[in-house]
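Here is a quick walk through one chain, from its strands out to its overall shape. Have the sequence and the 3D view open while you read.

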Amino acid sequence: MEYSRRTNNIIASLRGLPQDHSIAKLRPAFSLGNLIEVLEERYKIGQSKVEDLIAQHWNEIAGQHAAHRSSPQRVVGNSILLIQVSSPVLRQEMQFKQQQILDRIHKLPGGGVIKALNFRAG
């Protein structure tokens with residue numbers, strides 16, 4: 001039979017044993033198989049990410065001129081794509097074409113989650 005920590009501490013003090021003052025919580029045990037399934041679902045392990053799909057099609061999305069001087073980095077907040085560009089001039093140029101780039105991304109499967117682009121020069 002399991003008792004609460006408070007009850008266990010009272011019993012320990014009556015028996016002359018040290019009390020448990022840790023902040024850890026007693027949790028029920030889960031099987032490892034269930035844990036793996038939960039982690040795969042939560043972190044989408046084994047599923048293709050939209051960042052990977054965008055990176056594969058970056059030449060068509062950004063255009064030949066800008067593709068070799070820029071690269072998609074990651075998605076932030078589940079909707080903003082960070083794009084690294086080689087210069088401030090290219091950043092300005094790509095900001096002018098931002099809607100066109102977004103339209104091309106939205107045509108990809110799963111690309112509809114991207115709502116905005118953030119360009120970083122450097």
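Which residue in β3 does Leu-81 stand opposite? Leu-81 faces Leu-117 there. Keep in mind that you are looking at a predicted model.

## How the strands pair

That leucine pair belongs to the pairing of β2 with strand β3, residues 116-121. These two strands run in the parallel sense, and six bridges link them.

On the other pairing, strand β1 covers residues 70-76 and strand β2 covers residues 80-85. Here the sense is antiparallel, again with six bridges. If you want a landmark, find Ser-70, which sits opposite Val-85 in β2. While you're looking at strands, a general point helps: side chains in a regular strand alternate between the two faces of the sheet.

## The turn between β1 and β2

The hairpin of β1 and β2 has three residues between the strands. Gly-77 in this hairpin takes a positive phi near 65°.

Asn-78 is in the loop between β1 and β2 too. Its phi is also positive, near 65°, and Asn-78 is not a glycine. As background, most residues other than glycine have a negative phi. Is Asn-78 buried or exposed? Asn-78 counts as exposed because its relative accessibility is 68%, and the cut-off for exposed is over 50%.

## The chain from end to end

Zooming out, the chain has seven helices and three strands. Going along the sequence, the order is α-α-α-α-α-β-β-α-α-β. In other words, five helices come before β1 and β2, then two more helices come before β3.

## Overall shape and packing

How does the chain's radius of gyration compare with that of a compact globule of 122 residues? The chain comes out at 26 Å, whereas such a globule would be near 14 Å. The C-alpha trace spans about 80 × 30 × 20 Å along its principal axes.

As for packing, 24% of the 122 residues count as buried. Take the contacts with a separation of 6 or more: 50% of them are between residues 24 or more positions apart.

## Surface and charge

The chain's accessible surface is about 9300 Å², and carbon and sulfur atoms make up 54% of that. On the charge side, there are 16 positive and 10 negative charges, and the mean positions of the two sets lie 8 Å apart.

Technical notes: Residues numbered from 1 in each chain as written. Predicted model: local features only at pLDDT ≥ 70, side-chain atom pairs only at ≥ 80, totals over all residues. Heavy atoms only, no water. Pairing = 2+ DSSP bridges. Helix = DSSP H or I, 4+ residues; strand = E, 2+ residues; numbered from the N terminus. Rg over C-alpha atoms; globule rule 2.2 N^0.38 Å. Buried < 20%, exposed > 50% of the residue type's maximum accessible area, 1.4 Å probe, protein only. Contact = heavy atoms within 4.5 Å. Areas by Shrake-Rupley, 256 points an atom, 1.4 Å probe, with all protein chains shown as cover. Lys, Arg positive; Asp, Glu negative; His and termini not counted. Charge placed at Lys NZ, Arg CZ, Asp CG, Glu CD.
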